[in-house]
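Trainee: I am new to this structure and should like to understand the terms used to describe it. May I ask how each one is justified?

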Amino acid sequence: ELLEDHPDVGLHQLELLIVDEYQDLNRREVGLLQALTGHGVSILAVGDDDQSIYGFRMADPAGIRNFPEDFAEAEEYKLSVSQRCGEDILGPARDLMEMAARRSSKPRLTPRPGSAAGVFGYLAFQSEAAERRGVAELVDILVETDGIRPSDVIVMVRGDYNDSWSGPLR
């Protein structure tokens, strides 16, 4: 609406906007990018519909799936080789992602030649408290047994309002 109300907003200096994690945009954010292209701004979008995890804020993997239709001048470049993960991680990840409803068909990622296989494990806990204890025990094993420095361990959590999960873990 801002661009519609103020078409002279000064976008003449903006030629290219790079959008990373495009799969996490919601419909309004995609609409803003479409409006920007109407002002001559080129969009370079990077994303993977298999990594769309922000549904709670209305992110929709259809945004990245529809990018070529939403942006008529778009060119698409699909990655086929994972630079991060070996087969022991990619295999279970692919199996899980391919079960997703409305997932677009795409070639399976393959690991970069010579990459380490990796280690995959699936953990399930009876409660949040048990999960915190389990994570703390895993960190302890990394530090005590494998010689990893505590400062080199990162525990990532999706959402943690008011430190309700990470506070007791600390």
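Mentor: Let us begin with the charged side chains. The model is predicted, and in it D48, D49, D50, R65 and K106 are linked in a network of salt bridges.

Trainee: What makes the contact of K106 and D49 a salt bridge?

Mentor: A salt bridge requires a side-chain nitrogen of Lys or Arg within 4 Å of a carboxyl oxygen of Asp or Glu. For K106 and D49 the N to O distance is 2.3 Å, so the pair meets the definition. K106 lies in the loop between α5 and β4 and D49 in the loop between β2 and α3, so the pair ties together parts that are 57 residues apart in sequence.

Trainee: Why is D49 called buried, and why is K106 called partly exposed?

Mentor: Buried means under 20% relative accessible area, and partly exposed covers the range from there to 50%. D49 has 8% relative accessibility and therefore counts as buried. K106, with a relative accessible area of 23%, is therefore partly exposed.

Trainee: What makes P107 exposed?

Mentor: The term exposed applies over 50%. P107 has a relative accessible area of 61%, and therefore it is exposed. This residue lies in the loop between α5 (87-97) and β4 (110-111).

Trainee: How many salt bridges are there by this rule, and which residue pairs with E29?

Mentor: The count comes to ten salt bridges. E29 pairs with R57, with the closest N and O atoms 2.6 Å apart. E29 lies in helix α2 and R57 in the loop between β2 (42-45) and α3 (62-65), so this salt bridge ties together parts that are 28 residues apart in sequence. E29 is partly exposed at 25% relative accessibility, and R57 is partly exposed at 31%. Another salt bridge joins the side chains of R94 and E87, at 2.4 Å from N to O.

Trainee: How many aromatic pairs does the structure hold, and why is the pair of Y22 and F67 called edge-to-face?

Mentor: The structure holds two aromatic pairs. Rings pair if their centres lie within 6.5 Å, and planes over 60 degrees apart count as edge-to-face. Y22 and F67 are 5.2 Å apart centre to centre, with 85 degrees between the planes, so both conditions are met. Y22 lies in the loop between β1 (16-19) and α2 (27-37) and F67 in helix α4 (residues 67-70), so the pair ties together parts that are 45 residues apart in sequence.

Trainee: What makes the pair of F67 and F71 stacked?

Mentor: Planes under 30 degrees apart count as stacked. The ring centres of F67 and F71 are 4.5 Å apart and the planes stand at 25 degrees, so this pair is stacked. Ring pairs thus link Y22, F67 and F71 into a cluster. Y22 is buried, with a relative accessible area of 0%; F67 is buried at 11%, and F71 is buried as well.

Trainee: Which residues of the largest nonpolar core touch the most other members?

Mentor: Of its 13 residues, they are V19, Y22, L25, L33, L36, I43 and F71. The largest share of this core, three residues, comes from α2.

Trainee: How do you know that the span of helix α6 agrees with its number of residues?

Mentor: At 1.5 Å a residue, the 17 residues of α6 (residues 128-144) should span 24 Å; the end C-alpha atoms are 24 Å apart, and therefore the two agree. The buried residues of α6 are A130, R132, G134 and V135, and what covers them includes α7 (166-169).

Terms used. Residues are numbered from 1 along each chain as its sequence is written. This is a predicted model: local features need pLDDT of at least 70, side-chain atom pairs count only at pLDDT 80 or more; totals for chains, interfaces and linings use all residues. Side-chain values use heavy atoms; hydrogens and water are left out. Helices (H or I, at least four residues) and strands (E, at least two) are DSSP runs, numbered from the N terminus. The expected span of a helix is 1.5 Å times one less than its number of residues. Buried means under 20% relative accessible area, exposed over 50%, partly exposed in between (1.4 Å probe, protein chains only). Contact means heavy atoms within 4.5 Å. Rings of Phe, Tyr and Trp (its six-membered ring) pair if their centres lie within 6.5 Å; planes under 30 degrees apart count as stacked, over 60 as edge-to-face and the rest as tilted. A nonpolar core is a set of buried Ala, Val, Leu, Ile, Met, Phe, Trp, Tyr and Cys residues joined through side-chain atoms within 4.5 Å.
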